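Colleague: I am new to this structure and would like to go through its core and its aromatic rings with you. Could we take them one at a time?

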Amino acid sequence: MDYISTRGGGNAVSAARAIIKGLATDGGLFVPQTIPSIDKDFIQSLLNLSYQERAKKVLSLYLTDFTNQEINDCVENAYGNNKFDTDKVVPTVQVEDNNYLLELWHGPTSAFKDMALQLLPQFISTSLKKLGDKNELVILVATSGDTGKAALDGFKDVPQTKIIVFYPQEGVSKIQRLQMLTQEGNNVAVVAVQGNFDDAQSGVKQIFNDTSYNELLAQKGFQLSSANSINWGRLLPQIVYYFSSYADLINMSKIKLGDKVNFTVPTGNFGDILAGFYAKCMGLPVNRLICASNANNVLTDFLTTGTYDKNREFFKTISPSMDILISSNLERLLYHMTKDTEKVKQWMQQLQQDGKYTVDDATLKAIQETFCAGYLNDTDTMDCIKSVYAKDKYVADTHTAVAWQVAQDYTAKTNETIPMVILSTASPYKFNDSVLTALGENIADKDEFALLDKLAQINKDPIPQGLAKLKTAPILHNKVCEKQHMINSVSEFLNI
């Protein structure tokens with residue numbers, strides 16, 4: 001299977017080459033030329049398998065240039081070696097009635113990003129060997145919180161790679177910031193950007209698209225790539241857990257093979273929910289994909305009206321991983337809905353020039369057949385955390401709470417009886433101040449580690465080891481830059 005650009009430029013490339021490049025030459029995103037299709041027998045074959053074995057079966061459909069042994073090694077290195085605190089890796093948990101949580105935060109950095117960012121470095125390392133590339137790969141990352149730490153942890157000391165993470169100086173939680181600033185590794189750098197996430201992401205894209213700078217890097221033996229969800233190798237692993245959750249529901253006798261399921265996804269850059277779209281296109285019985293946003297509800301408006309308009313107030317919320325106004329992966333959906341690279345190119349040019357675009361009626365109708373959307377402000381998010389704990393004794397993080405309430409709103413509006421799987425994307429310990437406040441606890445004069453201990457008295461799950469260790473970990477990174485000087489930070493890191 002080969003991969004092409006959403007904007008129509010360049011030639012088709014192998015999976016390995018798409019993963020190494022990250023971004024297509026014309027600035028577009030790589031997408032599979034065809035989406036593989038599966039049948040009921042394929043889903044049936046997953047039922048008695050471990051998560052690792054399920055992953056190998058799904059991934060092999062897209063990584064046709066990888067050998068079975070290469071896929072096996074990638075998956076075992078990513079999800080084995082006791083990196084996750086449960087043997088199930090991503091358990092599906094029934095919380096109440098027809099509502100289930102897919103817990104994606106049992107990995108080393110306590111966020112769903114681990115599912116992709118433990119595997120992406122393995123894909124990249126394998127791809128470099130397959131292609132015989134000698135250049136050192138420089139991974140550029142813009143993060144709204146969780147991606148940064150997960151990428152740093154995944155790429156730490158991986159041969160032939162360096163990684164530099166940019167995060168908005170005031171746009172991440174205290175725990176997220178500590179996770180990044182204490183990161184060990186001889187090939188890592190962390191830089192705070194004076195701006196918001198969109199500033200950091202736009203800066204990274206500009207570096208990728210700076211032809212003369214990329215030529216300079218090549219002369220020095222470096223090649224840029226991405227660990228953000230614009231990289232196909234980052235998005236691909238996320239398809240797996242939709243299949244795995246469906247198999248779990250069959251094993252739990254909650255559905256029969258062929259029954260449809262809804263998924264609600266807390267959404268920022270549109271990668272996680274897009275993975276569900278690929279799963280549906282492959283043949284997984286998905287009814288609806290419900291996009292849950294916070295006050296930065298640009299996606300809610302787009303999925304409702306067909307107009308994407310980032311020209312709006314930016315809110316710093318208690319669910320910072322969704323504090324995004326430019327959802328990069330939406331470009332992939334637009335391609336699959338239209339198969340028209342010229343249209344996609346025009347919309348992306350309009351977004352860059354005017355900050356907005358409007359899709360045609362046919363495209364909007366096609367999108368709305370699968371997607372719907374809702375959003376939640378911070379006050380309602382806190383109320384949701386409180387009510388879910390009161391009713392179910394389940395402690396949800398802020399992002400999960402947004403998705404939970406949007407899912408309940410959808411069910412109330414439609415009166416559907418279809419099972420609802422809500423993607424739980426982070427441990428509540430990563431956002432302990434907001435969670436404890438929502439639960440009515442006094443957090444005044446308590447530092448992050450006192451808050452961790454306080455939450456542990458309420459939560460059935462213990463403090464993740466990676467977070468507990470932060471208390472004594474030294475600060476190793478303290479660089480700050482203005483958004484227009486991000487390229488200088490890269491040069492400084494690479495000594496060029």
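**Rings and core**

Modeller: In this predicted model, W347 is buried, and Y357 is buried as well.

Colleague: Are the rings of W347 and Y357 stacked or edge-to-face?

Modeller: The two ring centres lie 6.2 Å apart, and the planes stand at 20° to each other. Planes under 30 degrees apart count as stacked, so for W347 and Y357 the arrangement is stacked.

Colleague: How many residues apart in sequence are the parts that this pair ties together?

Modeller: W347 belongs to helix α15 (residues 341-354), while Y357 belongs to strand β12 (residues 356-358). The pair therefore ties together parts whose separation in sequence is 10 residues.

Colleague: Which helix gives the most residues to the largest nonpolar core?

Modeller: That core has 109 residues, and Y357 is among the members that touch the most others, together with L59, I239, Y241, Y242 and F243. With 12 residues, the element that gives the most to this core is helix α11 (residues 232-251).

Colleague: How many residues are in the other core that lies apart from it?

Modeller: The other core includes A396, W404, Y410 and L451 among its members. Its size is 36 residues.

Colleague: What kind of pair do the rings of Y51 and Y79 form?

Modeller: The structure holds 16 aromatic pairs. For Y51 and Y79, both of which are buried, the ring centres are 5.6 Å apart and the planes meet at 70°. Since planes over 60 degrees apart count this way, the pair is edge-to-face.

Notes
Residues are numbered from 1 along each chain as its sequence is written. This is a predicted model: local features need pLDDT of at least 70, side-chain atom pairs count only at pLDDT 80 or more; totals for chains, interfaces and linings use all residues. Side-chain values use heavy atoms; hydrogens and water are left out. A nonpolar core is a set of buried Ala, Val, Leu, Ile, Met, Phe, Trp, Tyr and Cys residues joined through side-chain atoms within 4.5 Å. Buried means under 20% relative accessible area, exposed over 50%, partly exposed in between (1.4 Å probe, protein chains only). Helices (H or I, at least four residues) and strands (E, at least two) are DSSP runs, numbered from the N terminus. Rings of Phe, Tyr and Trp (its six-membered ring) pair if their centres lie within 6.5 Å; planes under 30 degrees apart count as stacked, over 60 as edge-to-face and the rest as tilted.
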